[in-house]
Amino acid sequence: MSLFSPRAATRKKPSTSPLRQRVGAEVAARLDANPAAERAAIQGAQVYYHPDFLDAATCDRLIAMIDAHRRPSTLLSDRNDQGFRTSDSCDMDRWSPDVQPIDEGIAALLGIDPLHGETMQGQRYAPGQQFRAHHDYFHESESYWQRMLQEGGQRTWTAMIYLNDVAEGGATWFPQAGIKVAPRRGMMLAWNNMKPDGSPNELTIHEGMPVVEGVKYIVTKWFREERWIK
Ligand SMILES: O=C(O)CCC(=O)C(=O)O
Ligand SMILES: [Fe+2]
């Protein structure tokens, strides 16, 4: 039997990275040392909760900003998949006095330079709206990848904050990691999209489940391996 396998030779493995490896370990160590943060009891992915990261008044201010600026959400993917992400979303102006302290507070909690953070996204889901299963990391096989390399490279950590409680539905579900998180006003959910070796972690696939009753508001912050703002 030949040891050479043409299939294995042509299948491209996603790249590992010492930089991403380091940010994974450093952020996890920082959150482990923070008594306000709690690590989810799952194998194979680093996922943390921080209840009460934002107070109610701050959540309400962000909700009002989302309502003032929201438009139908978009997708980066090459596939044009109707129904995949049906929420509204908007960019939260990082230099506005209402957003900047929150933006910098998230970066400080994780210990990541705020300049690595993409523009914070606000999202609103009405009943029936959802964000189906996806990875937050970029797929190196997609046509956007070369552009992403110019714009700070791969995404490492995601920090998401629920701005309100939702009467029914709207949980964030990680089907492979095996956790389902119900929206709770002010709670941050943060996870590393990379494995310990700095390559994409498939186990972080997650979904914003359909809202059944009520309206769900969140803000999401994605961090890049390099500076997103030059
Ligand atoms: O709405 C959710 O619970 C998930 C949102 C999400 O996956 C994202 O913003 O990347
Ligand atoms: Fe996501």
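**Notes on the predicted model: salt bridges, iron site and cores**

1. Arg70 is partly exposed, with a relative accessible area of 32%. Keep in mind throughout that we are looking at a predicted model. The salt-bridge partner of Arg70 is Asp67, and their closest N and O atoms sit 3.1 Å apart. Asp67 also counts as partly exposed, at 35% relative accessibility. So this is a pair whose two members each fall between buried and exposed, because that class runs from 20% to 50%.

2. Now for a pair with another kind of setting: Glu118 and Arg155 make a salt bridge, with 2.7 Å between the closest N and O atoms. What does this pair tie together? Glu118 is in the loop between α4 and β5 (120-125) and Arg155 is in strand β7, so the bridge links parts that are 37 residues apart in sequence. Both Glu118 and Arg155 are buried. Back with Asp67 and Arg70, salt bridges with shared partners join these two to Asp88 and Arg124 in one network.

3. How many salt bridges does the structure hold? The count is 12. One of them is Glu225 with Arg20, where the closest N and O atoms are 3.0 Å apart. Glu225 lies in the segment after β14 and Arg20 in helix α2, so this bridge ties together parts 205 residues apart in sequence. Is Arg20 buried or exposed? Arg20 counts as buried, at 4% relative accessibility, and Glu225 is buried as well, with a relative accessible area of 12%.

4. On to the metal. Which protein residues act as donors to the iron ion (ligand 2)? They are His134 (NE2), Asp136 (OD) and His206 (NE2), lying 2.1 Å from the ion. If you want to find them in the sequence, look for the spacing H-x1-D-x69-H. Two of these donors come with burial values: His134 is buried, with a relative accessible area of 10%, and Asp136 is buried, at 4%.

5. His134 deserves a closer look. You will find His134 in strand β6 (residues 131-134). The His134 side chain makes a polar contact of 3.1 Å with the side chain of Asp136, its fellow iron donor. A polar atom of the His134 side chain also lies 2.8 Å from the backbone oxygen of Arg132. Beyond its neighbours within four places in sequence, His134 is in contact with Phe84, Thr204, Ile205 and His206. Phe84 is 50 residues away from His134 along the chain, yet their C-alpha atoms are separated by 9.3 Å.

6. What about the nonpolar interior? As a rule, nonpolar side chains in soluble globular proteins tend to be buried together. Here, the largest nonpolar core has 32 residues, and Met92, Ile106, Leu110 and Leu163 touch the most other members. Which elements each supply at least two residues of this core? They are α2 (18-32), α3, β4 (88-92), α4 (100-110), β7 (155-162), β11 (188-192) and β14 (216-224). Leaving aside neighbours within four places in sequence, Ile106 is in contact with Phe53, Met120, Ala159, Ile161, Met188, Lys221 and Phe223. There is also a second, separate core of 20 residues, and its members include Phe84, Tyr125, Trp191 and Val211. That is the Phe84 in contact with His134.

7. A backbone oddity to check by eye: Asp52 has a positive phi of about 55 degrees, and it is not a glycine. Most residues other than glycine have a negative phi. Where does Asp52 sit? It is in the loop between β2 (47-50) and α3 (56-69). Asp52 is exposed, with a relative accessible area of 61%.

8. Finally, the whole chain. The secondary structure comes to 5 helices and 14 strands. With a radius of gyration of 18 Å, close to the 17 Å that the globule rule gives for 230 residues, the chain is as compact as a globular protein of that length. Along its principal axes, the C-alpha trace spans about 65 × 40 × 35 Å. Half of the chain is tucked away, in that 50% of the 230 residues count as buried. Among contacts with a separation of 6 or more, 77% come from residues 24 or more positions apart.

Technical notes:
Residues are numbered from 1 along each chain as its sequence is written. Chains are lettered from A and ligands numbered from 1 in the order in which they are written. This is a predicted model: local features need pLDDT of at least 70, side-chain atom pairs count only at pLDDT 80 or more; totals for chains, interfaces and linings use all residues. Side-chain values use heavy atoms; hydrogens and water are left out. Donors are N, O and S atoms within 2.8 Å of the metal (3.2 Å for Na, K and Ca); water is not among the atoms, so sites may look incomplete. Buried means under 20% relative accessible area, exposed over 50%, partly exposed in between (1.4 Å probe, protein chains only). Helices (H or I, at least four residues) and strands (E, at least two) are DSSP runs, numbered from the N terminus. Contact means heavy atoms within 4.5 Å. A polar contact is a pair of N or O atoms within 3.5 Å; within protein, one must be able to donate a hydrogen and the other to accept it, and residues adjacent in sequence count only if both atoms are side-chain atoms. A nonpolar core is a set of buried Ala, Val, Leu, Ile, Met, Phe, Trp, Tyr and Cys residues joined through side-chain atoms within 4.5 Å. A salt bridge is a side-chain nitrogen of Lys or Arg within 4 Å of a carboxyl oxygen of Asp or Glu. The radius of gyration is taken over C-alpha atoms; the globule rule is 2.2 Å times the number of residues to the power 0.38.
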